[in-house]
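Hi everyone, and thanks for coming. I'd like to walk you through a structure that may be new to you, so let's put it up on the screen.

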Amino acid sequence: AQGLALDQVSAYFEQKGISNYFLQLGRYTMAKGINERQELWKSKLSYPGDSLGLRKEGILALQDKAIASAGDFNTFYIQDSVKKAFQLDPRTGYPVNHGLLAVSVLATSTRKAGVLSETMMVQGWQEAVALDSANAEVEMILIYNEKGKGIQLYVSPELRKFLSFPVQ
């Protein structure tokens with residue numbers, strides 16, 4: 001509902017000729033145009049600073065995009081030495097078993113970004129990377145726990161230049 005609401009407000013602004021705005025509602029954000037300093041709008045995000053998951057904060061510049069987030073990489077439980085999200089798979093009713101802890105999806109609408117972020121939390125990081133590779137209209141940031149490697153950060157290649165922190 002929050003994504004749909006932001007999409008409707010965005011459409012209303014566009015209809016009224018307003019082309020520069022930043023809207024945020026919960027984990028949903030829509031940014032169009034530029035801010036008062038003639039810069040891209042910026043959104044704060046958290047990312048793991050090391051393989052243990054130490055939380056750091058960075059900035060993501062948004063260029064006419066919507067972003068929706070699901071999960072939290074600092075809220076997890078450990079099973080078989082892997083950190084796992086508190087996410088149920090609606091197909092089985094059991095907790096997901098893939099290690100994806102948090103995802104942020106950028107798309108053309110908040111509704112699309114929201115649906116994809118929640119879907120990726122169920123399907124997992126490997127499916128998310130495959131979707132990212134196959135779909136040029138979607139970009140994402142994934143935080144996941146890979147057994148034997150700890151907390152990992154994946155950022156869509158085309159999105160890296162919009163981040164305030166380096167990604168390896």
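**A walk through the chain**

Let's begin at a turn. Between strands S9 and S10 there is a hairpin with three residues in between, and there Gly-148 has a positive phi near 85°. Please keep in mind throughout that this is a predicted model.

Staying with that hairpin for a moment, S9 covers residues 139-146 and S10 covers residues 150-155. The two strands run antiparallel, and six bridges join them. If you look for Glu-146, its bridge partner in S10 is Gly-150.

Now let's step back. How many helices and strands does the protein chain have? The count is three helices and 10 strands. Following the sequence from start to end, the order is α-β-β-β-β-β-β-β-β-α-α-β-β.

What about overall size? The C-alpha trace spans about 55 × 35 × 30 Å along its principal axes. The radius of gyration is 16 Å, which agrees with the value near 15 Å that a compact globule of 168 residues would have. Of those 168 residues, 45% are buried. The chain exposes about 9,100 Å², and carbon and sulfur atoms supply 51% of that area.

Two more numbers for the whole chain. Take the contacts between residues at least 6 apart in sequence: 51% of them join residues at least 24 apart. And for charges, there are 18 positive and 17 negative ones, with mean positions 2 Å apart.

Next, the other end of the sequence, with strands S1 and S2. They pair in the antiparallel sense, over five bridges. Their hairpin has two residues between the strands, and Gly-26 in it takes a positive phi near 60°. Leu-25 belongs to S1, which is residues 21-25, and Leu-25 stands opposite Tyr-28 in S2.

S2 also has a second partner to look at. Four bridges join S2 to S5, again in an antiparallel arrangement. On this side, Tyr-28 has Ala-68 of S5 as its bridge partner. So how covered is S2? Mostly: four of its five residues are buried.

Let me stay with Leu-25 a little longer. Its relative accessible area is 35%, so Leu-25 counts as partly exposed. Beyond residues up to four places away in sequence, Leu-25 touches Gln-2, Ala-5 and Leu-6. Leu-25 and Ala-68 are 43 residues apart in sequence, while their C-alpha atoms are 9.8 Å apart in space.

Time for the helices. Thr-110 sits in helix H2, which runs over residues 110-123. Is Thr-110 buried or exposed? Thr-110 is buried, because its relative accessible area is 0%. Which residues does Thr-110 contact, once neighbours within four places in sequence are set aside? Among them are Gly-3, Leu-4, Leu-6 and Asp-7, then Tyr-28, Thr-29 and Met-30, and also Ala-66 and Ala-68. You'll recognise Tyr-28 and Ala-68 there, the bridge partners from S2 and S5.

Helix H3 covers residues 125-134, and Leu-131 is in it. At a relative accessible area of 23%, Leu-131 is partly exposed. Not counting residues up to four places away in sequence, Leu-131 touches Leu-116, Met-120 and Met-140. With Leu-116, the separation is 15 residues in sequence and 9.8 Å in space, C-alpha to C-alpha.

I'll finish with two loop residues. As background, most residues other than glycine have a negative phi. Gln-38 has a positive phi, near 65°. Where is Gln-38? Look in the loop between strand S2 (28-32) and strand S3 (41-48). Its relative accessibility is 59%, so Gln-38 counts as exposed.

The second is Asp-64, whose phi is also positive, near 50°. Asp-64 lies in the loop between strand S4 (55-62) and strand S5 (65-71). With 41% relative accessibility, Asp-64 counts as partly exposed.

That's my tour, so please go ahead and turn the model around for yourselves. Thank you!

How values were computed:
Residues numbered from 1 in each chain as written. Predicted model: local features only at pLDDT ≥ 70, side-chain atom pairs only at ≥ 80, totals over all residues. Heavy atoms only, no water. Pairing = 2+ DSSP bridges. Rg over C-alpha atoms; globule rule 2.2 N^0.38 Å. Buried < 20%, exposed > 50% of the residue type's maximum accessible area, 1.4 Å probe, protein only. Contact = heavy atoms within 4.5 Å. Areas by Shrake-Rupley, 256 points an atom, 1.4 Å probe, with all protein chains shown as cover. Lys, Arg positive; Asp, Glu negative; His and termini not counted. Charge placed at Lys NZ, Arg CZ, Asp CG, Glu CD.
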